[in-house]
Amino acid sequence: MSDQINDSRRNFLSKAAIAGSITIAPGVFLHQTAQAKSDDQAVSSNTRWGMLIDTDKCSKGCTDCVDACNNEHSLTGFDRPTTDAQYIRKVSLVEKQTGHEISLPMMCQHCETAPCVDVCPTGASFKREDGLALVDKHICIGCRYCMMACPYKARSFVHEEIKNQTLSAPRGKGTVESCTMCVHRIDKDGIPACVEACTEENHNAMIFGDLNDPNSTISQELKKHGGKQIRADLRLNTGVRYQGL
Amino acid sequence: MTKCFLRISLILTGLIMLFPTQGIAETPFPTIHEPEGHGVECVEDEDEMRRNHMNYILHQRDKTMHEGIRTETYSLSRCIDCHVQPNDKGEVVGHDDKEHFCNACHQYAAVQIDCFQCHADRPQKYIKRASKPQALKEQLQEVLAAKDMGDAQ
Ligand code: SF4
Ligand code: SF4
Ligand code: SF4
């Protein structure tokens, strides 16, 4: 029932968005206007949030996305790089034959069939209806099975007592955490902090949007130019895709 | 029988001496500051909130975590926004301070609060980061349009 309402609401809104966006650029849709969700509305599987990263535009030394994420979630370190929490990190890939180097940001890939969810003994690791892989820290017992299961090393364990958390990013000792796709922002019709920073600094290497909406910028771009999954062989159907690999 | 009665009254007298009645009757009421911007009424009656605030917060917690429902009325952050305000010295104390709105009662009732191991214990409205998604979306459209032009050539 509620899905039906969502559907018709979405159709109506996306028509409105089409009408509105023609003046901006024909054929390009500002999907997020179409997806606007009110605060009392539950998320639904009509939407699947995803990200597309163009590695050609991502430069080696740049950490703007990482800095923005750390700032957004108040990920202060304890000068212990091996255990300090990180939601997103820069990774370099070098092709041995040619020496060609690719730099890319790596975070939770929001797998459709998520290994972290499979192994979690408590149900703390879960997939939200709209495709986000999250940790319910109220339930997490800190066993770290999910960290072992994640093929992308996306998760961190909080080893120390945390103070001065930000309002939108609760985090504390004894629980596991990872990229939330900035759920607190996207629930309010915003975009993730990393994408915002990357675009704001004019690198434009990251696109965020609804993979289920064929008219969204990200879907259109994926359709036109494609986008690869890292470790596609694992068949996890990741929500984060890369170009230029 | 009389022995038993005597013993009970002795115990009672002992208890009364141990805890002067004043100490039992007087609840150290926390200072409730005038909430900012929300009007002075709480979201429910005071009596109701004193007894059942945890149920409201717990219910809202699961709705927000799993369904993305972000109404503010019964959210923990709404409580904090109103009730945790600067003291006379202009400081906003943390949850481990006995002046903190939540801690004042919880310390008295000897009920440990776990919320603030993870959640912010003070209002953060002053450091809220503004996001500018619309302008950035438009910038992105231009870049993608340029890329398409490149493809066409
Ligand atoms: S990338 Fe790792 S943490 Fe994220 S959904 Fe996949 S398995 Fe889970
Ligand atoms: S650490 Fe927490 S989220 Fe991860 S598997 Fe254990 S209980 Fe689940
Ligand atoms: S989406 Fe948010 S949480 Fe995830 S890497 Fe980007 S800034 Fe960090």
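Reader: How many charged residues does the lining of the second largest pocket have?
Author: Happy to help; keep in mind that this is a predicted model. The second largest pocket is lined by 20 residues. By class, 4 residues of that lining are nonpolar and 9 are polar. The charged residues number 7.

Reader: Which residues lie nearest the centre of the second largest pocket?
Author: This pocket has a volume of about 340 Å³. Its lining draws on both chain A and chain B. Nearest the centre lie Ile162(A), Lys163(A), His95(B), Phe116(B) and Asp121(B).

Reader: How many nonpolar residues are in the shell around ligand 1?
Author: Let's start with who is there: the residues surrounding ligand 1 include Cys108(A), His110(A), Cys111(A), Tyr152(A) and Arg155(A). By class, 2 residues of this shell are polar and 1 is charged. The nonpolar count is 9.

Reader: Which residues are closest to ligand 3?
Author: Ligand 3 is surrounded by 13 residues. Of that shell, 11 are nonpolar, 2 are polar and none is charged. The closest are Cys69(A), His73(A), Cys179(A), Cys182(A) and Cys194(A).

Reader: Where in chain B is the pLDDT below 50, and how many contacts does this stretch have beyond near neighbours in sequence?
Author: Chain B averages a pLDDT of 74, with 56% of the residues scoring at least 70. The pLDDT is below 50 over residues 126–133 of chain B. Beyond near neighbours in sequence, the contacts of this stretch in the model number 12.

Reader: What ipTM does the model score?
Author: Two scores are given for the model, and its pTM is 0.78. The ipTM is 0.81.

Technical notes:
Residues are numbered from 1 along each chain as its sequence is written. Chains are lettered from A and ligands numbered from 1 in the order in which they are written. This is a predicted model: local features need pLDDT of at least 70, side-chain atom pairs count only at pLDDT 80 or more; totals for chains, interfaces and linings use all residues. Side-chain values use heavy atoms; hydrogens and water are left out. On a 1 Å grid over the protein atoms alone, a cavity is a set of points where a 1.4 Å probe fits but cannot get out, and a pocket is an open set with protein on both sides within 12 Å along at least five of seven lines; lining residues have an atom within 4 Å of a point. Grid points are joined across faces, edges and corners, and a volume is the space filled by probe spheres set on the points. Ala, Val, Leu, Ile, Met, Phe, Trp, Tyr, Cys and Pro count as nonpolar, Asp, Glu, Lys and Arg as charged, and the others, Gly among them, as polar. A residue is near a molecule or strand if one of its heavy atoms lies within 4 Å of it. pLDDT is the predictor's confidence in each residue, from 0 to 100. Contact means heavy atoms within 4.5 Å.
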